[in-house]
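The exercises below ask you to read a protein chain and its ligand from the coordinates. Work through each task before turning to its solution.

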Amino acid sequence: MSDSSAPVQVHHPPSMMELLILCRQRPEAALFSGGTWILRSQRSRRFRLPEALVSLRGIDELRRIGRTESRIDIGAAASIQRILTVARTRLPRILRETLESIAPQGIRSLATLGGNVCVPERSMTGFPTLHILDAKLEFRRLGSSRWVPVTSSRDASGTLLIQPGEVLTRIRIPLQPWNVQHFRRIGETPFVEDSNYFSLAFVGRVQRRVLADLRFAVASASPAIYRNRDLENLLVGRRLPLPPRDVSLFLETFDEDIAGSGTRLSGFLRSRGLAVLRRLLSNLPPD
Ligand SMILES: Cc1cc2nc3c(=O)[nH]c(=O)nc-3n(C[C@H](O)[C@H](O)[C@H](O)COP(=O)(O)OP(=O)(O)OC[C@H]3O[C@@H](n4cnc5c(N)ncnc54)[C@H](O)[C@@H]3O)c2cc1C
C-alpha cells in the first residue's frame, strides 16, 4: 500500500494481451475497473492505494455484452449502467432489479459487474443473484483460462478464490425459465462489517400448480452469503398455494438456521427478512 505522498504507478494496457502480460509481470498490482469500490473503501483521510494499479478501461473486449438463446455473456468491465441500458430487456428480471439497486446512477456509470464480483473479501450485492442463477466466471491469465461457477468462486469465509495474475474477463448467465423472480433489499450498504444490510435473491419455477424449483440466497454485512440448498429442496415438488402452516414451519427452520450461520443480521433485519420471505412464499402463483 502506498500513502498519499508515495507515487502510485498506473498502467493502461490497451489490449487483452498486454493486460495479461502486465498481470504476469506485476501480480501484486490491483486491477482498477470502475474504481468505485477501491476508492470508496478508503478508511482513513489519507488515501492509501496499492503501489501499482492496472486500469481495465482501455480494453474493448472486457466491455462486450453478448447473448445467445440460452445465455448472456457480460464483459467484466462493462459498467452496470451500460448493462442496464444495452441489455435491459434481455436480462433476467431479478438481475435487472439487483443491478438497479446498486449505488446511485452516477456511480453505476463507472461501477462494473466484474468489480462487484471481485471485491476480494466480501460478497457484494450482485453475488447472491449470480449465485442462484448459476452464473459462471471466466478467469484468464497469460496462456490459460478457466470457467468457475459463481457457487464455488468464494471460500466459506467469503474470500474470492482468484489466482495471482488472473483477471476476471466474462460473466456468463444462463437464461432459465424462472417464472418467479424477486430481489428485495433492506437497509444500508454492504460496505462495512456492522452495517444494517439485508438483501434477498429469490427465484422459482412453477409448473402446473407445483413448485418445480426454488432457490434463494441472503446477503448481509457478513462477508459470506447465506444459502441452504437442503432448505430450498424442502419445498420443491409441493403443490401451490403453500398452506400457511407449512410456510410458518419452513420459516421457523430458516430462522434457526440463519441465526446459527454466522450471518450478521440484527434482530430487526431478521424479522423484516422473515416477513419478506413469508410474503413471497405465501404468494407463489399457482401457475
Ligand atoms: C456511493 C456508493 C454506493 C455503493 N453502493 C453499493 C451497493 O449498494 N452494493 C454494492 O454491491 N456495491 C456498492 N458500491 C460499491 C461499488 O460501487 C460496487 O461494488 C461496484 O460494482 C464495484 O465495481 P468497480 O468496477 O467500481 O470495482 P473496482 O473498485 O474497480 O474493483 C473492486 C475490486 O475488484 C477487483 N477487480 C476489479 N475488476 C476485476 C477483474 N476484472 N478481475 C479481477 N479483479 C478485479 C479490484 O482489484 C478490486 O479489488 C457503492 C459505491 C459507492 C461509491
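**Exercise 1.** Which residues does Gly 273 touch, not counting residues up to four places away in sequence, and is Gly 273 buried or exposed?

*Solution.* In this predicted model, begin by placing the residue, since Gly 273 is found in helix α10, which covers residues 267-282. Next, list the contacts: leaving out residues up to four places away in sequence, Gly 273 touches Phe 198, Leu 200, Val 218 and Leu 265. Then count the surroundings: a residue is buried if 20 or more other C-beta atoms lie within 10 Å of its own, and Gly 273 has 25 of them within that distance, so Gly 273 is buried. As a last step, take a distance along the chain and through space, where Gly 273 and Leu 49 are 224 residues apart in sequence and their C-alpha atoms are separated by 36 Å.

**Exercise 2.** Describe the domains of the protein chain and the contact between domain 1 and domain 2.

*Solution.* The domain assignment gives domain 1 (9-55), domain 2 (60-174) and domain 3 (180-282). Measuring between C-alpha centres, one finds domain 1 and domain 2 to be 18 Å apart. Their contact takes 13 residues from domain 1 and 18 residues from domain 2. On the side of domain 1 that touches domain 2, the elements that give two or more residues are α1 (16-25) and α2, and α1 gives the most, with 6 residues. Sorted by class, this side of domain 1 has 8 nonpolar, 4 polar and 1 charged residues.

**Exercise 3.** Where does the ligand lie with respect to domain 1 and domain 2, and which residues come nearest to the ligand?

*Solution.* Start with the shell of 30 residues around the ligand, of which Gly 34, Gly 115, Asn 116, Cys 118 and Met 124 come nearest. The elements that give two or more residues to this shell are β2 (30-32), α2 (36-40), α6 (113-118) and β8 (167-174). Because domain 1 and domain 2 both give residues to the shell, the ligand lies between them. By class, the shell divides into 19 nonpolar, 10 polar and 1 charged residues.

**Exercise 4.** What is the strand order of the open sheet of 3 strands?

*Solution.* The order is β1-β3-β2, with parallel pairing. The edge strands, β1 (9-11) and β2, each pair on one side only, and neighbouring strands are turned by 30° against each other on average, direction ignored. Between β2 and β3 (residues 52-55) there are 3 bridges, and Phe 32 stands opposite Ser 55 in β3.

Terms used:
Residues are numbered from 1 along each chain as its sequence is written. This is a predicted model: local features need pLDDT of at least 70, side-chain atom pairs count only at pLDDT 80 or more; totals for chains, interfaces and linings use all residues. A residue is near a molecule or strand if its C-beta atom, placed from the backbone, lies within 6 Å of it. Helices (H or I, at least four residues) and strands (E, at least two) are DSSP runs, numbered from the N terminus. Ala, Val, Leu, Ile, Met, Phe, Trp, Tyr, Cys and Pro count as nonpolar, Asp, Glu, Lys and Arg as charged, and the others, Gly among them, as polar. Domain bounds come from an automatic or database domain assignment. Two strands pair if DSSP finds at least two bridges between them. Axes are lines fitted to C-alpha atoms, for helices over the stretch in contact, and angles run from 0 to 180 degrees between N-to-C directions. Two residues are in contact if their C-beta atoms, placed from the backbone, lie within 7 Å.
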